[in-house]
Structure formats: C-alpha cells, structure tokens
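The following exercises concern a single protein chain. Each task is followed by a solution that proceeds step by step.

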Amino acid sequence: MGATEKALVLKTGRFRESDVWVRLLTPSRGIFNAFAFGGSHSRRRFVGCLDPLSHVLFTIGSGRRGEYTVLEEGSLLNNFPGVRKDPLKTGIAANCVKFIEAVDAGPSDAVHAYGLLLETWEMLETGGAPDFVPWLFRAQYAFAMGYTPDFLSCGACGKPVGTEKGYQFGVETGQVACPTCLSAGKPLEGLARQVSAGALRALDWIQRSRPADWASVEMDVGIRRQCSQLVELFVAYHLGLSWDNGMYKKV
C-alpha cells in the first residue's frame, strides 16, 4: 500500500487503451509524473480524479522495480466547477499552471508552489477573476523564492519611500534608490527602471498579499502598468522566464 498525499492535477493524457499518465504537484515532491493504470475505465478508484484542474487525495506507490510512480487510487477533494464553467477563469488558471510547469518546481520549492497554486484556484472558484492575476501570481512566486525586495526604503541610505518623484528600482539587486541618493551620484548598478512611489507601495502590497486578496483589488492603470513591467523584468532576470505568444520561454 502506498502513501497518501494531496495533489493538484496539472495535466493528463491517455496511453494504451485504458491507462492514464498524470502530471501532479504535491507539497512534498513538487512536480512529477505518475501512471494510473486502468484509470480511464475505473469506476471506483479514480472517480473524477484524473482531470486537470482537480485537487485530489491520492494513494501513491511505485512500480515493481521502483522505476516509475503509480497512482493506486484517489479521492476527489475539489474539481473547481466554477472555474471550469468560466472561460476567463479557466484561462487564468491555465496560465498559472504553465508558469509552475515552466519553473519546474522541485521538492525544495514544493510547499510554496503547491500552496500558491491551490489558493489561486480557490480564489478563482469563489471570487472574481481580474485579468492581472497571472502576473500577480508570478510576482508572488518570485518574491517568495528568496528574491525578496524591500520596496519601502532606499537601499543606499535607508530612507523610507515618501511621496516625491524620481525613484528607481534595481531589477538585479531588488533595491530602491531614492531621488536624494541618485542626485548625489549613487546610481543603481545593472538594470534599473524609473518607478513612482505609488507603484512601490503597490509592489510591497503584492509581496505581502495572498491570492484571496486579489479578487477584489482595484489598481490605477498607470500603477498597474509600472508594476507589471517591473514584475516581468524581475521574473525574467531571476527566474529566467518570460511570457511570449501564449507560452513561457527561457531567457
């Protein structure tokens, strides 16, 4: 008898007549593939468990020689019917899954990746679906993986961010430079972008937020544009990924 573990079903496919391969994300293993032999014909072991966008309690074992992982049975916890019925929500959920697959979350990142994706699916199921959720998701993942900028104080002098103009954010260092330090000839090293004080506060909120907070958030168009551009640059530099033509590419 195998061990039981909760998993998010990311992708499935058929092979042979009745067998199914399943791509899963669990809080202990990260992303991995497993086989559900006889899964497409089973009426008891995998009822509703082998569809993408499902939260399932699986019993997980291995082949006779231990060379592959086997799903022995599953119990459906949630198949997110509200997300499945709404094309916008389905698209947002799929975008987040593609990102998690692209970063290839392993055991060391598994707890955060699993929790963030599950909370995002739950938020989409019970709340709204702002179209900026995918880049909030990417930002939250990157910020939690050790790349944790301080958006509210200058990295050089420590002065708190005020209301004046002229701030810059260093994508490589994850530091803010205040107007005083910049005018004193202390430029940020590497890739840096101009950013408003409002955008810095919004980025700080994003870093501290959880997916449940995203459903009702409203963001000024200009602030949103600045934040999304900085997030995409930050993710590209630190995680090596960019969104292009419907897929994530290594950069």
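**Exercise 1. A small sheet and its helices**

Which residue stands opposite Q175 in β7? Describe also the sheet to which β7 belongs and the helices that lie on this sheet.

Solution.

Step 1. The model is a predicted one. In it, the residue opposite Q175 of β7 is G170.

Step 2. Strand β6 comprises residues 167-170 and is joined to β7 by three bridges, the two strands running antiparallel.

Step 3. The sheet is open and has three strands in the order β7-β6-β8, paired in the antiparallel sense. The edges are formed by β7 (175-177) and β8 (192-195); each has a single partner strand, so one side of each is left without a neighbour in the sheet. On average, and with direction ignored, neighbouring strands of this sheet are turned by 30 degrees against each other.

Step 4. Helix α6, residues 197-208, lies across β6, β7 and β8, and runs at about 110 degrees to β8. Helix α8, residues 221-239, also packs on the sheet, where it touches β6 and β8. The direction of α8 makes about 165 degrees with that of β8.

**Exercise 2. Two helices in contact**

Determine how the axes of α3 and α4 are placed, and which residues of the two helices meet.

Solution.

Step 1. Helix α3 covers residues 110-126 and helix α4 covers residues 133-144. Their axes come within 11 Å and cross at roughly 155 degrees.

Step 2. An angle over 145 degrees counts as roughly antiparallel. The helices α3 and α4 are therefore roughly antiparallel to each other.

Step 3. The crossing in which α3 passes α4 is right-handed.

Step 4. On the side of α3, the residues in contact are H112, A113, L116, L117, T120 and M123. They meet V133, F137, Q140, Y141 and A144 of α4. The residues of this contact comprise eight nonpolar, three polar and no charged ones.

**Exercise 3. One residue from each helix**

Are H112 and A139 buried or exposed? State also which residues they touch beyond their neighbours within four places in sequence.

Solution.

Step 1. H112 is located in helix α3. Its relative accessibility is 17%, and the limit for a buried residue is under 20%. H112 therefore counts as buried.

Step 2. With neighbours within four places in sequence set aside, H112 is in contact with Q140, Y141, A144, M145 and R210. Of these, Q140, Y141 and A144 also appear among the α4 residues that meet α3.

Step 3. A139 is located in helix α4. Because its relative accessible area is 1%, A139 is buried.

Step 4. With neighbours within four places in sequence again left aside, A139 is in contact with I206 and V231. A139 and E164 are 25 residues apart in sequence, and their C-alpha atoms are 25 Å apart in space.

**Exercise 4. Strand β2 and its two partners**

Which strands pair with β2, and in what sense? Explain why β2 may be called largely enclosed.

Solution.

Step 1. Strands of a sheet pair through backbone hydrogen bonds, either parallel or antiparallel.

Step 2. Strand β1 (residues 3-15) pairs with β2 in the antiparallel sense over seven bridges. Within this pair, L8 stands opposite L25 in β2. The two strands form a hairpin with three residues between them, and R16 in the turn has a positive phi of about 55 degrees.

Step 3. Strand β3 (residues 30-36) is joined to β2 by seven bridges, and these two strands run antiparallel. T26 stands opposite G30 in β3. A hairpin of three residues leads from β2 to β3.

Step 4. Strand β2 has eight residues, 19-26, and six of them are buried, so this strand is largely enclosed by the rest of the structure.

**Exercise 5. The chain as a whole**

How many helices and strands does the chain have, and what are its spans along the principal axes?

Solution.

Step 1. The chain has eight helices and ten strands.

Step 2. Along the principal axes, the C-alpha trace spans about 70 × 40 × 30 Å.

Step 3. The chain has 251 residues, of which 49% count as buried.

Step 4. Among contacts with a separation of 6 or more, 62% are between residues 24 or more positions apart.

Key
Residues are numbered from 1 along each chain as its sequence is written. This is a predicted model: local features need pLDDT of at least 70, side-chain atom pairs count only at pLDDT 80 or more; totals for chains, interfaces and linings use all residues. Side-chain values use heavy atoms; hydrogens and water are left out. Axes are lines fitted to C-alpha atoms, for helices over the stretch in contact, and angles run from 0 to 180 degrees between N-to-C directions. Helices (H or I, at least four residues) and strands (E, at least two) are DSSP runs, numbered from the N terminus. Angles under 35 degrees count as roughly parallel, over 145 as roughly antiparallel, 65 to 115 as roughly perpendicular and the rest as oblique. A crossing is left-handed if the near helix is turned anticlockwise from the far one by less than a right angle, and right-handed if clockwise. Contact means heavy atoms within 4.5 Å. Ala, Val, Leu, Ile, Met, Phe, Trp, Tyr, Cys and Pro count as nonpolar, Asp, Glu, Lys and Arg as charged, and the others, Gly among them, as polar. Two strands pair if DSSP finds at least two bridges between them. Buried means under 20% relative accessible area, exposed over 50%, partly exposed in between (1.4 Å probe, protein chains only).
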